[in-house]
Amino acid sequence: MDVSKPSVARMYDHLLGGTDNYQVDRDACEELLRIAPSSRELALVNRAFLVRAVRCLARDHGVRRFLDHGSGLPTQPNVHQVAQEVDRAAQVVYIDNDPMVLAHGRMMLAEDPATTAVLGADMRDTGRIFASPEVRRLLEGEQPVAALFVSVLHCIPDRDDPWELVRRVADRLPAGSFMVISQLASDDAELRADVTNFMADITDGRWGQVRSIGDVSRFFDGLELLDSEGPVEVSRWQPDSDLAPRQRSEEWIEYGGVARIGSG
């Protein structure tokens with residue numbers, strides 16, 4: 001684990017008010033906040049969206065199995081905690097390739113290996129992920145699964161075709177499963193370039209890109225959105241109340257939604 005360079009997971013942890021980060025991550029966040037001042041609110045808004053989406057799928061759609069791609073450092077509440085408020089038997093597999101994420105995740109989940117697991121893998125390696133014992137167990141019985149890609153697809157560059165990644169995962173899930181997707185987005189080309197270049201530089205290229213609203217909407221092609229309005233700025237997706245977190249400015253946003261995988 002190289003702590004001389006910022007980590008996307010540790011930067012996100014810092015923006016959420018966590019403690020699993022280093023000075024190099026905090027310094028990077030300060031520069032990011034200079035470029036995009038709403039970044040801290042954006043992180044909070046996105047985490048709240050994740051919690052609402054998981055709760056909605058567990059409570060209203062009977063989903064008991066979740067596959068969390070690029071899960072990041074444990075942050076209260078975690079996906080399994082939200083899902084298990086509805087059903088204690090709900091199962092979650094967390095996927096990440098950050099050594100610190102894996103260490104913290106495995107320590108956190110050691111008490112309940114029957115319903116939760118942490119898989120060390122690159123989220124682009126769909127074949128390896130779906131061949132793993134953890135995910136094969138999750139898919140037994142053809143019950144619906146929710147695949148989560150929450151604020152992670154901007155870590156994948158266009159050359160690796162994140163749209164195809166989403167399609168590959170959707171094709172491997174049982175009919176009636178769900179996709180939860182959000183990504184950093186902006187229609188300001190200069191801001192997209194500034195943030196993308198900054199993040200690529202500080203992470204030695206371990207970054208993808210901020211995308212336009214239209215490019216993020218493409219992730220939902222062929223899926224059945226739960227909301228007829230379509231993808232939205234995620235604080236607008238089934239908000240708990242008017243007091244839910246909001247960004248003070250919208251130079252960039254987390255844009256996404258929840259969709260069902262059809263029967264074909």
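Modeller: Contact here means heavy atoms within 4.5 Å of each other. The model is predicted.

Biologist: Which residues does methionine 108 touch, beyond those up to four places away in sequence?

Modeller: Methionine 108 touches Pro74, Asn78 and His80. With proline 74, the C-alpha atoms are 7.9 Å apart in space, yet the two residues are 34 apart in sequence. Methionine 108 itself sits in helix H5, residues 99-109.

Biologist: Why is methionine 108 called partly exposed?

Modeller: Its relative accessibility is 28%. Buried needs under 20% and exposed needs over 50%. Methionine 108 falls in between, so partly exposed is the word.

Biologist: How do you know that histidine 69 is buried?

Modeller: Histidine 69 has 1% relative accessibility. The cut-off for buried is under 20%, so histidine 69 counts as buried. Histidine 69 lies in strand S1, residues 65-69. Leaving out residues up to four places away in sequence, histidine 69 touches Ile95, Met123, Ile129, Ala147, Leu148, Phe149, Val152 and Val169.

Biologist: How many aromatic pairs does the structure hold?

Modeller: The structure holds 2 aromatic pairs. One of them joins phenylalanine 49 and tryptophan 237.

Biologist: What makes phenylalanine 49 and tryptophan 237 an edge-to-face pair?

Modeller: Their ring centres are 5.7 Å apart, and a pair needs centres within 6.5 Å. The planes meet at 85°. Over 60 degrees counts as edge-to-face, so that is the label for this pair. Phenylalanine 49 is in helix H3, and tryptophan 237 is in the loop between strands S7 and S8, so the pair ties together parts 188 residues apart in sequence. Both residues are buried.

Biologist: Why is the pair of tryptophan 163 and phenylalanine 219 called stacked?

Modeller: The planes are 20° apart. Stacked means under 30 degrees, so the pair qualifies. Centre to centre, the rings are 5.5 Å apart. This pair links distant parts of the chain: tryptophan 163 is in helix H8, phenylalanine 219 is in the loop between helix H10 and strand S6, and 56 residues separate them.

Biologist: Are tryptophan 163 and phenylalanine 219 buried or exposed?

Modeller: Buried, both. Tryptophan 163 has 6% relative accessibility and phenylalanine 219 has 2%. The limit is under 20%, so each one passes.

Biologist: Which residue lies over the face of tryptophan 163?

Modeller: Arginine 218, at 4.0 Å from the ring centre.

Biologist: Why are H2 and H9 called roughly antiparallel?

Modeller: Helix H2 (residues 23-35) and helix H9 (residues 189-202) pack at about 170°. Over 145 degrees counts as roughly antiparallel, so the name fits. Their axes are 10 Å apart.

Biologist: Which residues in H2 and H9 meet?

Modeller: From H2 come Ala28, Glu31, Leu32 and Ile35. From H9 come Leu191, Asp194, Val195, Phe198 and Ile202. Of these contact residues, 7 are nonpolar, 2 are charged and none is polar.

Biologist: What is the phi of aspartate 161, and where does the residue lie?

Modeller: Phi is near 50°, a positive value in a residue other than glycine. Aspartate 161 lies in the loop between strand S4 and H8. Its relative accessibility is 31%. That is between the 20% and 50% limits, so aspartate 161 counts as partly exposed.

Biologist: And what is the phi of aspartate 204?

Modeller: Positive, at about 55°, although the residue is not a glycine. Aspartate 204 is found in the loop between H9 and H10.

Definitions and conventions: Residues numbered from 1 in each chain as written. Predicted model: local features only at pLDDT ≥ 70, side-chain atom pairs only at ≥ 80, totals over all residues. Heavy atoms only, no water. Phe/Tyr/Trp six-rings, centres within 6.5 Å; stacked < 30°, edge-to-face > 60°. Helix = DSSP H or I, 4+ residues; strand = E, 2+ residues; numbered from the N terminus. Buried < 20%, exposed > 50% of the residue type's maximum accessible area, 1.4 Å probe, protein only. Lys NZ or Arg CZ within 6 Å of the ring centre and 35° of its normal. Axes fitted to C-alpha atoms, helices over the stretch in contact; angles between N-to-C directions. Parallel < 35°, antiparallel > 145°, perpendicular 65-115°, else oblique. Nonpolar A, V, L, I, M, F, W, Y, C, P; charged D, E, K, R; others polar.
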